[in-house]
Structure formats: C-alpha cells, structure tokens
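Here is a walk through one structure, written for someone meeting it for the first time. Have a look at it, and then we'll go through some of its parts.

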Amino acid sequence: MNIECQCCGLVLSVLLLVLYSARKQLGLYGERIFKYMLVVTIALLSLDILSVVGISRQDTWSPFLVMGICKAYIATLVVECMFAVVYLFHDVMDEHKHWKVTKWLGVIVALECLVIMIVPLEIYSNGRVVYTYGPGAIVAYACCAIDFVTILVTAFSERKKISTLRWSAFMIWVLLWIVAAGWQFLDAEKLLVGFATSLGMMILYAALENPEVNLNNELGCFNGYALEAYLKQQFSLNRKFFAIQFSLEEIPPETEDYIYRLMQRSNARDGIWFFKLLGPEFIMISEDRKRYNRMIRWILKEQKRESAYFKNIQGLGIENGLDVGSPAKLTKVFKYFFNKYNGQIPESEIEITRDKIDDYLVHERMQEEINQALAEDRVEVFYQPIYSVLSKKFESAEALVRIRRTDGSLIYPSDFIPVAEETGTIVALGERVFVKTCQFIAGGKIQKAGVRCVDVNLSVLQCEQVDLSNRLSKIMDENNVPSSAINLEITETATLSVKKNLLNNMGSLMDMGCTFSLDDFGKGESNLMYIVEMPVSVVKMDYDLTKAFGKMDRAKYVVRTVVQMAHEMGLRVVSEGVEDASELQALQNIGVDYIQGYYFSKPIPADEFLKFVEEKNS
Ligand code: C2E
Ligand code: MG
Ligand code: MG
C-alpha cells in the first residue's frame, strides 16, 4: 500500500498539535484558526490512510463504506484548502470583518462538499497501488484550484499588509502544495498531497505560530510581541479589558510568591495575561474585573510593604483599555502618567480613568500641533515692551512665543509650553524663537527706535545642552546680531547637573557679551541661593510678587528688601505684571528699575512693537 508518506505526515501533525496545545497561549483568534487547521490536517491524513486501506480491502469491506471514506477524504481536502484561504485572510482584514467572511466561506465549502458527495467517484486499484479519480475528484481539484488562485491573488495584491516573514512562510506552504499536487497529478501512484500539507503546517508552526515567539524565556510570561497581537485583537473586536502596568526592579526568586506564580500560570484559560516589556516594565491584562481589582490591591500592598524584591514597585491601572483609542496608545498613556507622577503615585491616582485619558489625548494633540507649527512655520514671536524708569523710555522687550493655528487664532504659551517641556520639543521651539528674534533685531530698526536689547526665555532643557552657547552664537553670527543685543532669561532649577552645564554656557555667552536675567523671582519655592550662585545682571520679579505688593503689607517689606538686596549686589530689578498707574507709581517709588506689564502694552507682533517704540521713544 502506498501510505508511507501519509503515515509520516500523520505522526508529524499529531506531534505538532500536542506541542502546540501544551504551550502557553494567548487565546488569540489567529491561534484558534491555526489549531483548527491542524485538526483538519490530521483528519485529512487519517481519511487518506483509511481510504487507501479501504480500497485495498474492497473485497472484505462494504463498498458503501469504502466509497464514503473516499468521498469524505476528498471533501476534507477541499475544507483544508478553504482553511488556507481563511488563514491568509486573517492577515489582510480585521477580525470583525474576517469572521463575517469566514461564515460565507463556510457556506461555500459546505455546498462544495455536498456536490462531492453526490457526484460519482471512481476507484483505481491494482492491488499494490490505489487512488481515486473521476467526476468527484475533478470537482474537488477544481475547488482546490480556485482556492489557490484566491490565495495567490490575495497574497500578491495585499503584499503590503502582510509581514515579509508571514508572506514567505505562506508562499513556501503553497509551493509545497502545488508541487505535491502536480506530482500526484502526473504520477497518480504518489499520494503526496497529505504529506505536503503536514510539512507545510510544520513550516507555518516554526515560522509563525510557534508559541515560544510570544514568550519571555526567563519568566515564562508573554512578551511585547504577544502584547501587540493581543491588543490588536481586542481593539478590532471591541472587547473590553482591564490593564495594569507596573515596574519591578527585581524579580523575586522564590516560586512561592504570588506574582511569580501568576506570571508562570497566566494564560488564556486563567483569563489573566502577563506581558514583560523592555526593562523592568510589565503589563497585566485581564478581562475580569475581580482579577484586576485584586492586582491593584496587591500593588498597593507591596508599595506600602516596601518589600525587598519589589524595590520599586509602581503600578497604574486602566479601567477600560479600549478608552485609550488604539493598541499603540496603551503603553504611551502609561508612560505619560508614570512620568507625570515621577515614581510617586498616590493611592488615589492609581487608576487612570476616562477623564485622565482625555487629558492625555489633549496633551498628545497639543504635541502634534506644536510639531506641525514648527514644520509649517506657524511659530510666531510677540514682543512686550519693557520701560526703563531712569530713561523714561522703552529700552528693551521680552520675546514671547505664540503658535498661530491654521484658522488664524493664537495659542498661548500656558497651553503649549508645559507640553513642549514634557516632550522635549521646547529645545527646538526655543531655538526657533531665538532665530526669529535675531532676524527681527538684525534689521537695526528697533535699535534706531531706542531699544537696546531683547530678552529671550531659555527653558531648563535648553540650558542643559552642552553646546547651547555654540548654537546660540552661531545663530547670532548668521544674522549679524551683536551679543549685547541679547539678554537671556533663565529660571530656577534644582538639578545639579543642569546647573553645571548652565554655568558653563553662561560663562561662554557672557564672554561674548550676552547678559542674563533671573526670571520669575519670588514665584513658587524660590531659593535665595540661586541668585547668589548665578551670574545674572537682572532680577525679574514675578507677577505674583508684583500683585501681592499692591495688596499685602508684608509683601511690601519683601519687595522692598528684594530691590535693596539686588541693588547692593549690583543687579537691576524688573517688575512683571504691572497693570495700573498706582502699581507703577508704588514700584517706581521703591526703586524698581524696569517695568513690564499690560499697563504699557501686552506682548504684540513685531511690526506693532516697532511702531509702538518708534512712537513712544521719540
Ligand atoms: P514669563 O517669561 O514670565 O513672561 C511673562 C508673562 O507674563 C507673559 O506671558 C506676559 O504676557 C505676561 N504678562 C506680562 N505683563 C502682564 C500683565 O500686566 N498682566 C498679566 N496678566 N500678564 C502679564 P506669556 O506670553 O503668556 O508667557 C508665559 C510664559 O511662557 C512666560 O513667562 C515664559 O515662562 C513662557 N514662555 C513664553 N515664551 C517662551 C519662549 O520663547 N521660551 C520659553 N522657554 N518659554 C517661554
Ligand atoms: Mg520671561
Ligand atoms: Mg516671568
């Protein structure tokens, strides 16, 4: 009997199924398709072997039984081919659509099988070699051929949607089938199709379906690839899930431990999945509220316990993962909130609710707006005149950034500077402001109107740049702007490393002729040491201090002392936020050198500013 190949194929397929089922799985839709395909392959090979045995024993077996087995075999062949189509379609459409298409394909394949069962089938046997032929076989081969054409057309037309690895593995499988079928067609004694199918399944398993690919070797839980696949499925099926991200600096060695045991066990059957990301990050996902709550409680408990293994356990939960909008955003949302809380997550904030996700989305949209504004040159610089009490002229100005929306309206710094600082775009934005300010000064018109210099704000991130002074001096050179026309405003920073870089930068820039102001003095947790350490020549008293000065007696003593102290240190003082004549008068009386505020002017566009100073200073 010519059944050696089929027997080998059967053993191979059963082995694959055992291996596949024994492994931890995510329970994904794609995994299920592959598993069913394996089961059909085993059925196909079993029926193949059984039909050969049946034909050889025609004299002893009932002819109905033999014919039934032979027809069942070729019908299974058609089902197997249809499964190949279903398997490939999963790569090119989302799960929701795929399930709909699969149902229709199921109807078609049922009709095909019915036809095969009805039309006659011939059996050939010369005692040693057996096979089937005739109308039934032709119908089956025709159905398979249609499936193969569908597969090839889809594979080539949707090439971009399929990863190269998947595409190549699938093509090898198809090629194996075609070679086997062709060979069998030319030499009917060689029953190779069944074997080729099982060989193909092995290739798919090794290249695409090996569950090990989704596992973290060290811990036995799932990895980042698995998370990607799992999230893709949940979003396309719109299936709610709870997610927790936590970081563990060290994994506990004892297998007794709750979390360790959970990680090892977690799989589709338990309804809990652990994914190990890069570094100390983990994501736990469950579709079960109770499990999610239990994990949140566990994180809180470990945080309080400050246990030895979980040196730095920090966790955040999302009540409905679908709220984040897309698979890629889940880790982004977590990252955003981890950074925001900076390792100190209060118990009350442990859950990222819908509202908070909305905050994040606003933040993300603003970031996109900033990037676009930079790319499309919609970053504008406004100038706010600064009045000198001594000369009674507007001797300087502060450059203040704005973003012009595409509809012409403005976005103010309070809305985008915090976002730009968080994401680091402030460096590019700050540089753009500096370039524009230099271009404005370069015309020489404002100097003619009596403006000595323009203040440009530097953010902490810019100050941290080792090459800041080189970059700024290059821009000044390119625009032919003398350094003395630039005054840079810095704010307080507590970080020692930033301070070191900042001092180096300040040194080089001051050698060139730039001056520095200490901005926002008196705001928040001002540290007097800062003014001692930083070689600034101007102190800018914050808006709040200016306001308090007009209202509270105690603030008067502070402001008066600050002015006196600054003068004794050889520094000049600017008051920000002066809005009316009484404030102006009072501040002038105690010796403030410069006044900046809405009383004189709000920040205005470059051309308006030029007109303003030309008129007022003349
Ligand atoms: P700042 O550097 O302290 O700038 C002064 C802010 O106070 C400006 O707000 C100005 O419009 C506002 N202001 C001035 N006088 C008055 C007044 O009389 N009443 C009131 N209510 N406000 C007054 P703006 O332009 O919204 O900027 C806010 C902050 O954004 C700035 O505070 C600065 O920290 C930051 N910023 C603005 N432009 C830049 C920039 O180019 N780079 C960096 N790094 N930060 C910038
Ligand atoms: Mg400023
Ligand atoms: Mg200020």
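## Two metals and their neighbours

Let's start with a metal: along the chain, the donors of the magnesium ion (ligand 2) follow the spacing E-x58-N-x31-E-x29-D. Keep in mind that this is a predicted model. The protein donors behind that pattern are Glu 398 (OE), Asn 457 (OD1), Glu 489 (OE) and Asp 519 (OD), and they lie 2.0 to 2.2 Å from the magnesium ion (ligand 2). A pair among them links distant parts of the chain: Asn 457 sits in strand 12 (residues 453-457) and Asp 519 in strand 14, 62 residues apart.

The other magnesium ion (ligand 3) has its own set of protein donors, namely Asp 519 (OD), Asp 520 (OD), Glu 576 (OE) and Glu 576 (OE), lying 2.2 to 2.7 Å from it. Here the spacing along the chain reads D-D-x55-E. Again, distant parts of the chain are linked: Asp 520 belongs to strand 14 (residues 515-521) and Glu 576 to strand 16 (residues 572-576), with their positions 56 residues apart.

Which residue bridges the magnesium ion (ligand 2) and the magnesium ion (ligand 3)? That's Asp 519, and the two ions lie 4.0 Å apart.

So how buried or exposed are some of these donors? The cut-offs are worth having here: buried means under 20% relative accessible area, exposed means over 50%, and partly exposed is in between. The table lists four of the donors.

| Residue | Relative accessible area | Class |
|---|---|---|
| Asn 457 | 28% | partly exposed |
| Asp 519 | 8% | buried |
| Asp 520 | 22% | partly exposed |
| Glu 576 | 11% | buried |

## Around ligand 1

Some of those names come back at ligand 1. Which of the 22 residues around ligand 1 come nearest? They are Glu 398, Arg 402, Asp 519, Glu 579 and Tyr 598.

There are a few polar pairs to look for. A polar side-chain atom of Asp 520 is 3.1 Å from an oxygen atom of ligand 1. For Val 401, a backbone N or O atom lies 3.1 Å from a nitrogen atom of ligand 1. Tyr 598 also uses a backbone N or O atom, which lies 2.8 Å from an oxygen atom of ligand 1. On its own, ligand 1 has 800 Å² of accessible area, and the protein covers 82% of that.

Tyr 598 also turns up in the surroundings of Val 578, a residue in the loop between strand 16 and helix 22 (581-589). Not counting residues up to four places away in sequence, Val 578 touches Thr 546, Glu 583, Leu 584, Leu 587, Ile 595, Gln 596, Gly 597, Tyr 598 and Tyr 599. With 0% relative accessibility, Val 578 counts as buried. From Val 578 to Glu 395 is 183 residues in sequence and 17 Å in space, C-alpha to C-alpha.

## Helix 13 and a loop residue

Now for a helix with two sides. In helix 13 (residues 413-423), the residues Phe 416, Val 419 and Ala 420 are buried. They cover an arc of only 100 degrees around the axis, so they end up on the same side of helix 13. Ser 414 and Glu 422 are exposed on the other side.

What covers the buried residues of helix 13? The cover includes helix 12 (354-375), strand 10 (393-404), strand 11 (410-411) and helix 14 (426-442). After helix 13 comes Gly 424, with a positive phi near 90 degrees.

Ser 459 is in the loop between strand 12 and helix 16 (460-464). Its relative accessible area is 6%, so Ser 459 is buried. Leaving aside neighbours within four places in sequence, Ser 459 is in contact with Glu 421 and Ile 426.

## Further afield

Helix 7 (residues 193-209) has a list of buried residues that includes Val 193, Gly 194, Met 201, Leu 204 and Tyr 205. The buried residues of helix 7 pack against helix 1 (4-22), helix 2 (29-56), helix 3 (63-92) and helix 6 (164-186).

Last, find Ala 566 in helix 21 (residues 553-568). Ala 566 is buried, with a relative accessible area of 0%. Apart from neighbours within four places in sequence, Ala 566 is in contact with Val 539, Leu 571 and Val 573. Leu 10 is 556 residues away from Ala 566 along the chain, and their C-alpha atoms are separated by 90 Å.

Technical notes
Residues numbered from 1 in each chain as written. Chains lettered and ligands numbered in written order. Predicted model: local features only at pLDDT ≥ 70, side-chain atom pairs only at ≥ 80, totals over all residues. Heavy atoms only, no water. Buried < 20%, exposed > 50% of the residue type's maximum accessible area, 1.4 Å probe, protein only. Helix = DSSP H or I, 4+ residues; strand = E, 2+ residues; numbered from the N terminus. Arc of directions from axis to C-beta. Contact = heavy atoms within 4.5 Å. Donors = N, O, S within 2.8 Å, 3.2 Å for Na, K, Ca; no water. Near = heavy atom within 4 Å. Polar contact = N/O pair within 3.5 Å; in protein donor to acceptor, adjacent residues only side chain to side chain. Areas by Shrake-Rupley, 256 points an atom, 1.4 Å probe, with all protein chains shown as cover.
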